[in-house]
Amino acid sequence: MAHHPTFLTCSSLSFSWPDGTEVFDDLRLAVGPGRTGLVGLNGSGKSTLLKLLAGELTPVSGTVRVTGELGHLPQNLVLDTSRRVDEILGIDGKRAALHAIEAGDPAEEHFTALADDWDVEERARATLDQLGLGGIGLDRTVGEISGGESVLLRLAALLLARPDVLLLDEPTNNLDLHARARLYEAVEKWSGVLVVVSHDRELLERVDQIADLRDGEVTWYGGSWSDYEAALAAEQEAAERMVRVAEADVQRQKRELADTQVKLARRKRYGQKSFENKVASKLVANSQKRSAQVTAGKQRTLHGERLSEARERLDAAVEAVRDDDEIRVELPRTSVPPGREVLHLRDLELRYGARVEGAFELRGPERIALVGRNGAGKTTLLRTIAGELEPLAGEVDARVPLRFLPQRLDVLDDGLSVVENVARFAPAATGNAIRARLARFLFRGARADQAVGTLSGGERFRATLAALLLAEPAPQLLMLDEPTNNLDMASARKLTEALDAYEGALVVASHDVAFLESLGITRWLLLDGELRPTTAEEVREVVADGS
């Protein structure tokens, strides 16, 4: 019997949201064995495509076919906190049967449920250990583990089920450096069909090919993210060169058309003057005039067509050059003098056990990277500084206006529009001023009136950032919690550029080392029970060795 490779296909796939917004029209896609990185701008439809492939959304028309079993890890994973680890892994029934048999119950239903899977617990523990979850007991509940650990737990369930096709949507978003290293290793070992949507450069360096989703179509590039960037750069260079050639051609055709019109005008004037001077007879003059008019018409038509064709070639060349909309964040000029104390912490004891021993000071426009494992207390520390949580003990003294961009992006009202949300933070600003500023965050026209609850992850990030940065008073201390989780790489670059121009103090909690290094960090701090200095090199070593 011939072996058929596992793959998934989309045929003539079309999908629109209930409000009529079209996402795909006649999309065709075929993915075979290997690791595929699905990339594209925020809002291009990556998560929607994965949900269509997983059968969680129904297309308007067209078909999705999957060979074999499919597993899907969604971007916004929500697990019931009361469920046990073995339930999430899907082995609770087999474990119960195994324990009943071991206790001496010979009922046939136990043997049927176990189905000769006698090593189910060993396999489960080995899979958990592979992902760094060896310390999590099978009887613990989801509520007892961190958000990052719950993502890995769901991945462990998928690996244990051994699906033929695995779909991962932003799997590293809430993972610490150790957990990311474990996930990278699992991806490298995957032997079936894998499609991963991610903005994580380290993860995309481990794929075999890149599928670039743009304007409802997929373009394929062989190799990893670096290979994709190189190929894209070469394409763009060639496209920009074609634009220059096409522009020169349009100018040449314009000159030729103008020259032709000048020559024809001269000929017309010469013919008129000859007639007036009776150099030629009236009959001959009229004949020459008709001939000149025909010739002039042909010349104008010819050069007009050439100019039109040149303009079409220019339009096609311009279309081939990517000019993606990116957020243009102009942060307020909120400079802080180098010696000025911005933040003072003393003997701080946080909820869930983390501490800041002695005195901690942040002075001037310092740029601090806050790193640490999932559950170490980074978010708790930032929320305590922001005044959202009371410390168990100690002192927090923020001496300048501050703003906090939370990881959950839950500071906006889902029922209000983007404009209305921003107006809540800047009540003195006029509607026109707010709309003008929102345009820099790509919320133009009707998009600014869109309800926040209908926005994608990347759009919600932009709306939240806009609300905080356009707030009054402008922040002199800006705290960001995992800001790149919902950003495509183009927007992450723009955020870096915007933060380069920011003159206030900056505290960024992130597991994205490359992003942190791009910010010009002046101090690296590790929260691991206590807050202590570290280095970028030390953080990099964690990712490299996967420890």
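Helices (DSSP runs of H or I, at least four residues) and strands (runs of E, at least two) are numbered from the N terminus. This is a predicted model, in which local features need pLDDT of at least 70 and side-chain atom pairs count only at pLDDT 80 or more, while totals for chains, interfaces and linings use all residues. Residues are numbered from 1 along each chain as its sequence is written, and side-chain values use heavy atoms, with hydrogens and water left out.

**Stop one: the hairpin**

Select residues 8-16, which make up strand β1, together with residues 61-66, which make up strand β4; the two run antiparallel and are joined by 5 bridges (strands pair if DSSP finds at least two bridges between them). Thr9 is a useful residue to centre on, since its bridge partner in β4 is Arg65, while in β2 its bridge partner is Ala30. Between β1 and β2, which also run antiparallel, there are 6 bridges. These two strands form a hairpin with 5 residues between them, and in the turn Gly20 has a positive phi of about 95°.

Now move along strand β2 (residues 22-31) to Asp26, which has a positive phi of about 60° although it is not a glycine. Is Asp26 buried, exposed or partly exposed? With 38% relative accessibility, Asp26 counts as partly exposed (buried means under 20% relative accessible area, exposed over 50%, and partly exposed in between, with a 1.4 Å probe and protein chains only).

**Stop two: the open sheet**

Select the strands β5, β6, β7, β3, β8 and β9, which in that order make an open sheet of 6 strands with mixed pairing. At its edges stand β5 (70-73) and β9 (217-222), each with a single partner strand, so one side of each is left without a neighbour in the sheet. Direction ignored, neighbouring strands of this sheet are turned by 20° against each other on average (axes are lines fitted to C-alpha atoms, for helices over the stretch in contact, and angles run from 0 to 180 degrees between N-to-C directions).

To see one pairing in detail, show β5 with strand β6 (residues 165-169): they run parallel and are joined by 4 bridges. Gly71 has Leu166 in β6 as its bridge partner.

Add helix α1 (residues 46-53), which packs on the sheet and touches β3 (34-39), β5, β6, β7 (193-197) and β8 (209-214), its direction making about 150° with that of β6 (contact means heavy atoms within 4.5 Å). Helix α6 (residues 147-161) also packs on the sheet, where it touches β5 and β6, and its direction makes about 175° with that of β5.

**Stop three: around helix α6**

Keep α6 in view and select Gly148, which has its place in this helix. Gly148 is buried, with a relative accessible area of 4%. Its C-alpha atom is separated by 4.8 Å from that of Leu175, although the two residues are 27 residues apart along the chain. Leaving aside neighbours within four places in sequence, Gly148 is in contact with Asn174, Leu175 and Asn374.

Show helix α5 (residues 120-130) beside α6: the two pack at an angle of about 130°, with their axes 9 Å apart. They are therefore oblique to each other (under 35 degrees counts as roughly parallel, over 145 as roughly antiparallel, 65 to 115 as roughly perpendicular and the rest as oblique). The crossing of α5 and α6 is right-handed, the near helix being turned clockwise from the far one by less than a right angle, whereas anticlockwise would be left-handed. Where they meet, α5 contributes Arg123, Ala124, Thr127, Leu128 and Gln130, and α6 contributes Leu153, Ala156, Leu159 and Leu160.

**Stop four: the cores**

In soluble globular proteins, nonpolar side chains tend to be buried together. Which residues have the most contacts inside the largest nonpolar core? They are Leu89, Leu128, Leu153 and Leu168, in a core of 49 residues (a nonpolar core is a set of buried Ala, Val, Leu, Ile, Met, Phe, Trp, Tyr and Cys residues joined through side-chain atoms within 4.5 Å). Helix α6 supplies the largest share of this core, 9 residues. Select Leu89, which, not counting residues up to four places away in sequence, touches Ala124, Leu128, Leu138, Leu153, Ala156, Ala157 and Leu160. Another core, of 47 residues, lies apart from it and includes Val418, Leu469, Ala471 and Leu480.

**Stop five: two loops**

Leu442 lies in the loop between α13 (431-439) and α14, and its phi is near 70°, a positive value in a residue other than glycine. At 13% relative accessibility, Leu442 counts as buried. Finish at Pro473, in the loop between α14 (457-469) and β15 (477-481), where a cis peptide bond with omega of about -5° joins Glu472 and Pro473.
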